[in-house]
Amino acid sequence: MASDAKSRPGGLGWNRETATLALLSFAMFTVSLDQYIVVVALPDIAHDLGYSARTLQSVISAYAVASAGFLLFGGRAADLLGRRRVLATGLALYAGAAFVGGLATGPPMLLVARAVQGLGGALVFPTTLALINVTFAEGSPRNRALGIWGGAGAAGLVIGVLLGGVLTHVFGWEAVFLVNVALAVPALLLAFVLIPKDRPRDRDRGFDLPGALSVTFGVTLIVFALVQGPELGWSSPGILGSAVAGLVLLGVFALVEGRSDDPLVPPRLLANSSLVTSLVVAFLFMATFGSVLYFLSLYFQEVLGYDALQTGAGFIVPTTVVVAGSTTAGRMVTRFGLRNTLLGALAIGALGAVLLGQAITPDGSYGSLVPGLVALSVGDGIVFTGMFIAAGTGVADHDQGTASGIASTGAGMGAAVGLAVLVLVATTGLHGLSGEELRNRTAHGISTTLYVVAAGVALTFLVVFFRREGTTAAAPARPPGRGRRC
């Protein structure tokens, strides 16, 4: 029986808003899935397409670089060009690139497909978040909606590894790409059914093209340097050139913003302490929690000797816990407050990282990992939702896309920085080793990495603990005659 969402305080009801939430959560799940779905398929991809051990990581980094570089652009585009239009464009790019990736016959074709997938994801991610924030009123309704959206996104990250293992084992590596087509196309079609048509563009607001180009390519070059640095060498000309050029472009971005009448990142958003906190927490979250999946997959395959299917099955427990944590986070924020919810989740997550570090040994078992996996996943799920609740708090409807882009760019940068640093920690001393000695040292390196993750989560705890209260800029009133429409 249908009911109005506003008839029950904090209720979502079963109506168009609920259907829209389901679509946006599904779209978020789809693009999150792809960040890790190829991880367990990498050995098969290398064998069939001729990747070397040195170049294989580029299958992951091509997506990460393009995605991180275009997130802020995607958020701003959603605000100015129309959220339905940008969401549909992102899903179309994502599906088309996934189809090409599944048919790839060599590394160049696959890398281009992965980069375009990253661009599609960069348009979809902040747009889904902005659409939820303008569809549901700030407070309990939005918190509950973001809990569902966040649960879908966090689940996508973890289920990606599980599903990738199953698909690779049963159908081959091509299936980890083609499955995205089956997911993205229905979402694309439903977007035109459920999301209201975009209003005419506000000609009084400029796109700030110089700012958009400088920050997009600046972030892209820096992320490229961070991701490829461990493979190409930190002192290589390509890495040094990319890092310097990226920093120069970010400096240009700062100059452009200071002189722009309608900057890409309005000063009023930077005055919002909740959004700034979200940016910092998102960076640290992806640098710590977001990197653990990669190292767990490595531990399962390289140390415990799991095949692709076993590795995927190993993520059933964390998947279940992450989804539960994310979907309940909204209610927890409403009841206990955002700050208290984040602090509790971060404390549990730090404990989980320590427990995992202790359990990861050359002769370890899956059972010994479970306590740490559960605790880390509880923190993971709750913080993922909580940090994006913070991103939309006190932000006007017409700025929600940009605010979402700011927070998600922080997450993308954090993922690149975190993985670059943690890979160095995990692989120190492995050069020249082989056989049992390599297996033992790999386990030791991953264990040490988990302790570093715990320290990073503890740092995030301190950031939230010392967060200033009561300094969130009030959101400007919506123009007369405009309801909470998409």
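Which residues does Ala-350 touch, not counting residues up to four places away in sequence? We'll get to that in the third view.

**View 1. The whole protein chain, an all-helix affair with 17 helices and 0 strands.** This is a predicted model, where local features need pLDDT of at least 70, side-chain atom pairs count only at pLDDT 80 or more, and totals for chains, interfaces and linings use all residues. Residues are numbered from 1 along each chain as its sequence is written, and side-chain values use heavy atoms, with hydrogens and water left out. Helices (H or I, at least four residues) and strands (E, at least two) are DSSP runs, numbered from the N terminus. The C-alpha atoms fill a box of roughly 70 × 45 × 45 Å along the principal axes. With 486 residues, a compact globule would have a radius of gyration near 23 Å, and the 21 Å of the protein chain agrees with that. That radius is taken over C-alpha atoms, and the globule rule is 2.2 Å times the number of residues to the power 0.38. Buried residues make up 56% of the 486; buried means under 20% relative accessible area, exposed over 50%, and partly exposed in between (1.4 Å probe, protein chains only).

**View 2. Helix 9, residues 237–259, seen end to end.** Its 23 residues, at 1.5 Å a residue, should span 33 Å, and its end C-alpha atoms are indeed 33 Å apart. The expected span is 1.5 Å times one less than the number of residues. Buried here are Ile-239, Ser-242, Gly-246, Phe-253 and Glu-257. An α-helix has 3.6 residues a turn, so residues three or four places apart point the same way. The buried residues of helix 9 pack against helix 8 (209–232).

**View 3. Ala-350 in helix 14, residues 338–359.** Here's the reply to the opening question: Ala-350 touches Ala-454 and Val-457, leaving out residues up to four places away in sequence. Contact, by the way, means heavy atoms within 4.5 Å. With a relative accessible area of 17%, Ala-350 is buried. Look for Ala-458 too: it sits 108 residues from Ala-350 along the chain, yet their C-alpha atoms are separated by 6.2 Å.

**View 4. Thr-402 in helix 16, residues 400–427.** Thr-402 has 0% relative accessibility, so it counts as buried. Setting aside neighbours within four places in sequence, its contacts are Leu-72, Gly-75, Arg-76, Asp-79, Leu-264, Pro-266 and Leu-269. Across the protein chain, 84% of contacts between residues at least 6 apart in sequence join residues at least 24 apart.

**View 5. Thr-385 in helix 15, residues 366–392.** Thr-385 counts as buried because its relative accessibility is 1%. Its contacts, again without neighbours within four places in sequence, include Leu-146, Gly-147, Gly-150 and Gly-151. Ser-326, Ala-329 and Gly-330 are also among them. As for Thr-168, it is 217 residues from Thr-385 in sequence and 30 Å away in space, C-alpha to C-alpha.

**View 6. Leu-438 in helix 17, residues 435–465.** Is this residue buried or partly exposed? Leu-438 counts as partly exposed, at 29% relative accessibility. Leu-438 touches Leu-430 and Leu-433, not counting residues up to four places away in sequence. Val-303 is 135 residues from Leu-438 in sequence, with 9.1 Å between their C-alpha atoms.
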